[in-house]
Amino acid sequence: MGKSFVMVVFHPIVGGISMEPLIINLDAFNVVGVSFIANLQEIEEGKLGKKAFESMKERVDEVVGRSSDSIYLIQIYPMKPNFNPHVDRFTQIIGYAVSASVVSEAPLDMIRHTVPANRYVRSTHIGLESELGRTYEFLYGKYIGQLGTHPIGYDFELWDSRYKPESSDNEIDVHIAIA
């Protein structure tokens, strides 16, 4: 059996030199999609994320004002001491970014959510989606603490044309809101 590994890729600058994960500021944006509340164990056992992703792909034409074909996974965590996503439930929203000028209602069984303007740590996970936890452990467990800042209860992933969850060349951009 071959070894699998995950790398946290530091975004390249001119000339291919790597640097640390980026600290970026993003404007607010809106997402229309499906939402559920569960912990990681429930999500994995029930394949809730995969089902929500497939549902959004099938219902793409219902999302008015969609700004791209990329899908966002937004995770909103309860701000409580010793939060553990493996056992504590949190909100997940899987959907498409929509133009702020579009004020239509979300389709049946979907919600509209505004991701606020904020500062984020952004990094790219390369590797199987099943190994994404290592990237989160590095960012939440080491990197953010070294910045002298703290997470503020939500993060999001961008699933674009590079999203191939079962492939070793899968890429997911991870954004963690910080204060």
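## A walk through the model

Start with the whole protein chain: its secondary structure comes to 3 helices and 9 strands (DSSP runs numbered from the N terminus, H or I of at least four residues for helices, E of at least two for strands). What you have open is a predicted model, where local features need pLDDT of at least 70 and side-chain atom pairs count only at pLDDT 80 or more, while totals for chains, interfaces and linings use all residues. Residues are numbered from 1 along each chain as its sequence is written, and side-chain values use heavy atoms, with hydrogens and water left out.

Color by element and follow the chain from the N terminus: the order is β-β-β-α-α-β-β-β-β-α-β-β. Of its 179 residues, 41% count as buried (under 20% relative accessible area with a 1.4 Å probe, protein chains only; over 50% is exposed, and in between is partly exposed).

**Stop 1: strand β5**

Select residues 90-98. That's β5, and 8 of its 9 residues are buried, so the rest of the structure largely encloses this strand. Now add residues 29-38, strand β3: 9 bridges join β3 to β5, and the two run antiparallel. (Strands pair if DSSP finds at least two bridges between them.) To see one match-up, show F36, which stands opposite Q92 in β5. Next, add residues 66-76, strand β4, which is antiparallel to β5 and joined to it by 7 bridges. Here I74 stands opposite I93.

**Stop 2: the β7 pairings**

Move to residues 118-126, strand β7. Strand β2 (residues 22-26) pairs with β7 in the antiparallel sense over 5 bridges, and L26 has N118 as its bridge partner. β7 also pairs with β9, again antiparallel, over 8 bridges; look for R122 and its partner H175.

**Stop 3: the nonpolar cores**

Which residues touch the most other members of the largest nonpolar core? Show M56, V63, I71, I94, W159 and V174, out of 30 core residues. (A nonpolar core is a set of buried Ala, Val, Leu, Ile, Met, Phe, Trp, Tyr and Cys residues joined through side-chain atoms within 4.5 Å.) Two or more residues come from each of β3, α2 (48-58), β4, β5, α3 (132-147) and β9 (171-178). The most come from α3, with 5 residues. Apart from this core lies another, of 14 residues, among them F29, Y120, Y154 and A177.

Back to M56: leaving aside neighbours within four places in sequence, M56 is in contact (heavy atoms within 4.5 Å) with V32, G33, V34, V63, I71, I94, G95, Y96 and M110.

**Stop 4: the empty spaces**

Switch on a surface. On a 1 Å grid over the protein atoms alone, a cavity is a set of points where a 1.4 Å probe fits but cannot get out, and a pocket is an open set with protein on both sides within 12 Å along at least five of seven lines; lining residues have an atom within 4 Å of a point. Points are joined across faces, edges and corners, and volume is the space filled by probe spheres set on them.

The largest pocket holds about 1,300 Å³ of space. Of its 37 lining residues, L40, E44, Q75, L132 and Y136 lie nearest its centre, so select those.

Finish with the structure's 1 cavity of 30 Å³ or more, which has a volume of about 40 Å³. Select V32, E62, V63, V64, V98, S104, E105, P107 and R112 to see the lining of this largest cavity.
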